[in-house]
Amino acid sequence: MIMKNDSILVGILVNQDYNPSALAGQYIRETLKNSGIETIALSLDDVIKNDVKCDTLFNVYYGEIGDGGIVSGLLEKRGIPFVGNGQYTCSLMMNKIVSKLLFIQHECATPSFLYKPNVQKTKENIVHEVEDNLKYPLLAKPVNGAASENIHFINNSNELTNFISINREFIDGGYYFFEQFVCGRELSAGYVDVLGVSLPVIEIKLIVSERYQSNKVKFSPGLKENIIPAKLPTDIYNKAQQIARDLHFIFGCRSFSRTDMIYNEQSQRLYVLEINTNPGLLEKSLLPLMVKTAGVNDSEFFLRLIRDSLKHKN
């Protein structure tokens with residue numbers, strides 16, 4: 001062991017206004033307590049006031065501020081060691097337009113999209129432009145969105161017209177972009193630095209009435225089933241692992257990352273949706289599930305993350 005369990009204090013930084021963040025903090029705290037690690041609860045105010053007195057911390061401040069790198073940036077500026085990705089990587093991957101352009105640059109397929117902020121066009125012209133570039137069904141997504149919030153599934157021209165009428169200011173202001181819906185099997189593959197091996201791929205199988213993994217599906221019981229390892233052709237399974245591993249290093253991820261994809265069986269192509277740089281760390285979250293299936297329990301997983309984060313201590 002690099003550290004003595006009775007001589008280290010680990011902070012847990014959570015967003016108390018966001019239930020998944022609070023639950024993740026509680027689970028990490030209980031798991032570390034069982035391993036003899038002392039923890040302390042931290043708030044964003046503690047970081048802003050530079051009142052963080054611990055050896056390292058878990059950044060599970062979920063939501064746009066946390067996922068987008070603002071919290072990581074503050075921690076880096078203060079010189080505070082932490083488990084998780086840095087500001088640069090988080091901000092790149094949080095912006096869906098930037099990340100999709102980077103996926104294309106690195107020859108990874110990603111669903112077609114249209115982003116036209118500050119448009120000086122009529123509603124009808126916007127509808128025509130979307131229909132000229134994308135096919136139904138399609139999705140309207142926030143450019144900087146977390147946890148699949150505020151995503152709209154659009155089936156036809158009437159629904160698109162109605163969506164634009166209601167959300168015109170958000171479209172013009174650059175909040176929303178349109179993305180081609182790709183029918184297929186939803187997959188997730190992860191990579192963890194301290195493990196150094198490709199993790200088992202998960203298929204997120206939705207119930208029949210759900211078309212995509214919305215915020216409701218992610219956080220409501222009974223709307224999806226996680227199949228691990230995913231039952232895929234060997235070459236597709238291996239490719240999904242390789243994509244997750246390659247993108248982790250290409251974009252400078254630290255600690256861990258989780259890459260979400262769609263596998264279209266007809267074309268036999270994998271489409272990268274996003275890289276989650278601040279994945280859930282609850283007991284049943286996807287990344288811990290991958291790690292457990294690889295043979296490492298949550299206690300050992302968290303301890304390894306802590307030891308790795310201490311290497312970055314000033």
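Me: Which residues touch the most other members in the largest nonpolar core of the protein?

Reply: Those are L32, F58, V192, L281 and F301, out of 32 residues in that core. A nonpolar core here is a set of buried Ala, Val, Leu, Ile, Met, Phe, Trp, Tyr and Cys residues joined through side-chain atoms within 4.5 Å. Before we go on, this is a predicted model: local features need pLDDT of at least 70, side-chain atom pairs count only at pLDDT 80 or more, and totals for chains, interfaces and linings use all residues. Residues are numbered from 1 along each chain as its sequence is written, and side-chain values use heavy atoms, with hydrogens and water left out.

Me: Which helices and strands each supply at least two residues of this core?

Reply: They are β1 (9-14), α1 (19-34), β3 (56-60), β10 (202-206), α11 (286-293) and α12 (298-310). The largest share, 5 residues, comes from α12. There's also a second, separate core of 23 residues, with M93, L102, M261 and L270 among them.

Me: What is L32 in contact with, leaving aside its neighbours within four places in sequence?

Reply: Its partners are V10, I37, T39, F58, F302, L303 and I306. Contact means heavy atoms within 4.5 Å.

Me: How many helices and strands does the protein have?

Reply: You'll find 12 helices and 13 strands. These are DSSP runs, numbered from the N terminus: H or I of at least four residues for a helix, E of at least two for a strand.

Me: Why is the protein called as compact as a globular protein of that length?

Reply: The globule rule is 2.2 Å times the number of residues to the power 0.38, and the radius of gyration is taken over C-alpha atoms. For 314 residues the rule gives 20 Å, and the protein's radius of gyration is 20 Å, close to that value, so the word fits. Buried residues make up 54% of the 314.

Me: Why is E107 called exposed?

Reply: Exposed means over 50% relative accessible area, buried means under 20%, and partly exposed is in between (1.4 Å probe, protein chains only). E107 has 76% relative accessibility, so E107 counts as exposed. This residue sits in the loop between α6 (96-105) and β5 (113-114).

Me: And why does S255 count as buried?

Reply: S255 has 4% relative accessibility, which is why S255 is called buried. Its place is the loop between α10 (234-250) and β12 (256-264).

Me: What is the phi of E107, and what is the phi of S255?

Reply: E107 has a phi near 60 degrees, a positive value in a residue other than glycine. S255 isn't a glycine either, and its phi is about 75 degrees. Most residues other than glycine have a negative phi, and most peptide bonds are trans.

Me: Where is the peptide bond cis, with omega near -5 degrees?

Reply: One such bond runs from Y136 to P137, and P137 lies in the loop between α7 (123-133) and β6 (138-142). Another runs from I228 to P229, with P229 in the loop between β11 (224-227) and α10.

Me: How do you know that S99 is buried?

Reply: S99 has 1% relative accessibility, so S99 counts as buried. It belongs to helix α6. Apart from neighbours within four places in sequence, S99 is in contact with L92 and M93.
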